[in-house]
Amino acid sequence: MDVIQAIRERHSVRNYLDKKIEQDKIQALKAKIEEVNGKGDLHLQLLEDAGKTFNRLMSRAMGLGSAPSVIACVGRDDDTLDERIGYYGEQVVLLAQDLGLNTCWAGTYSKSNVPCDIADGERLSIVIAIGYGRNQGSAHKSKTPEQVAPDIESAPEWFKFGVEMALLAPTAINQQKFQIRLDEKGEVEFNDKGGVLSKIDLGIVKYHFEAGADHIRAVDGK
């Protein structure tokens with residue numbers, strides 16, 4: 001499965017089977033996490049036993065209490081942390097999709113019950129539920145390309161496809177509070193319009209856009 005197919009097929013899943021992730025898949029995920037930790041100055045950790053991470057009433061009501069495992073999204077705490085977590089964490093999420101697993105970015109969890117390591121100067125930003133879903137989730141309602149990229153009509157194909165992929169990015173409460181534009185120099189600008197976990201959302205959006213744009217460029221040989 002290539003990254004575009006993974007983006008198209010991946011949906012948030014909140015209800016999970018009582019089934020452990022096989023060790024070969026655990027090792028593949030840990031290898032990817034080690035890679036993105038190095039690139040993003042992060043400390044993401046795959047916790048095979050989610051423990052009481054989703055012990056809060058709201059989490060249980062959403063079904064996340066059934067998630068067998070969790071990825072703790074930890075990193076050096078500065079103004080870029082949330083965006084870095086979104087950008088690099090989504091790469092792990094899409095690998096999970098490729099491995100036949102399901103995931104959910106979860107902002108509601110019991111922070112004190114996440115059994116992860118947090119060094120001095122680091123912060124736990126969010127967690128990702130991971131396991132075998134009871135279903136494959138469903139597509140979210142989406143804005144139109146014109147709503148997030150007002151000048152898209154005159155943009156090149158790589159930009160248009162990048163926006164298409166960006167609109168498939170998971171965002172908190174499906175808010176899609178971002179805009180993308182191509183400036184006069186041909187540089188892509190991403191604007192965060194605020195909202196719950198919007199910096200994490202923006203990082204995910206950027207990765208989706210880049211994956212889409214790179215795909216078209218590779219096809220066109222540019």
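The accessible surface of this protein comes to about 11000 Å². Carbon and sulfur atoms account for 47% of that surface. The model is predicted. Of its 222 residues, 48% count as buried. The charged side chains number 28 positive and 34 negative. The centres of these two sets lie 6 Å apart.

**Overall fold**

Seven helices and six strands make up the secondary structure. Along the sequence they run α-α-β-α-β-α-β-β-α-α-β-β-α. The radius of gyration is 17 Å, close to the 17 Å that the globule rule gives for 222 residues, so the protein is as compact as a globular protein of that length. Along the principal axes, the C-alpha atoms fill a box of roughly 50 × 35 × 30 Å. Take the contacts between residues at least 6 apart in sequence: 74% of them join residues at least 24 apart.

**Cores**

The largest nonpolar core holds 51 residues. Within this core, I71, W105, F159, V163, I180 and F209 touch the most other members. Helices α1 (3–9), α2 (23–40), α4 (81–98), α6 (157–166) and α7 (198–220) each give two or more residues to the core, and so do strands β2 (69–76), β4 (122–131) and β5 (178–182). The largest share, nine residues, comes from α7. A second, separate core has 18 residues, including F54, L64, V70 and A72.

What does I180 touch beyond its neighbours within four places in sequence? Its partners are V148, A149, P150, F159, V163, A166, V188, E189, F190, V205 and F209. Among these partners, F159, V163 and F209 are also on the list of core residues that touch the most other members.

**Helix α6**

Seven of the 10 residues of α6 are buried, so this helix is largely enclosed by the rest of the structure. The buried residues are W158, F159, F161, G162, V163, M165 and A166. They pack against α1, α5 (145–148), β5, β6 (188–192) and α7. Of these neighbours, α1, β5 and α7 also give two or more residues to the largest core.

**Strand β2 and V74**

V74 lies in strand β2. Is V74 buried or exposed? V74 is buried, with a relative accessible area of 0%. Leaving aside its neighbours within four places in sequence, V74 is in contact with L42, H43, L44, Q45, I85, C116, D117, I118, E122, R123 and L124. N55 is 19 residues from V74 in sequence. Their C-alpha atoms are 20 Å apart in space.

**Positive phi outside glycine**

D41 and I173 each have a positive phi without being glycine. Where do they sit? D41 is found in the loop between α2 and β1 (45–47). I173 is found in the loop between α6 and β5. D41 is partly exposed, whereas I173 counts as exposed.

| Residue | Phi | Relative accessible area | Loop |
|---|---|---|---|
| D41 | about 55° | 38% | between α2 and β1 |
| I173 | near 45° | 72% | between α6 and β5 |

The loop that holds I173 follows α6 and leads to β5. Strand β5 is among the elements against which the buried residues of α6 pack.

Key. Residues numbered from 1 in each chain as written. Predicted model: local features only at pLDDT ≥ 70, side-chain atom pairs only at ≥ 80, totals over all residues. Heavy atoms only, no water. Helix = DSSP H or I, 4+ residues; strand = E, 2+ residues; numbered from the N terminus. Rg over C-alpha atoms; globule rule 2.2 N^0.38 Å. Buried < 20%, exposed > 50% of the residue type's maximum accessible area, 1.4 Å probe, protein only. Contact = heavy atoms within 4.5 Å. Areas by Shrake-Rupley, 256 points an atom, 1.4 Å probe, with all protein chains shown as cover. Lys, Arg positive; Asp, Glu negative; His and termini not counted. Charge placed at Lys NZ, Arg CZ, Asp CG, Glu CD. Core = buried A, V, L, I, M, F, W, Y, C linked by side-chain atoms within 4.5 Å.
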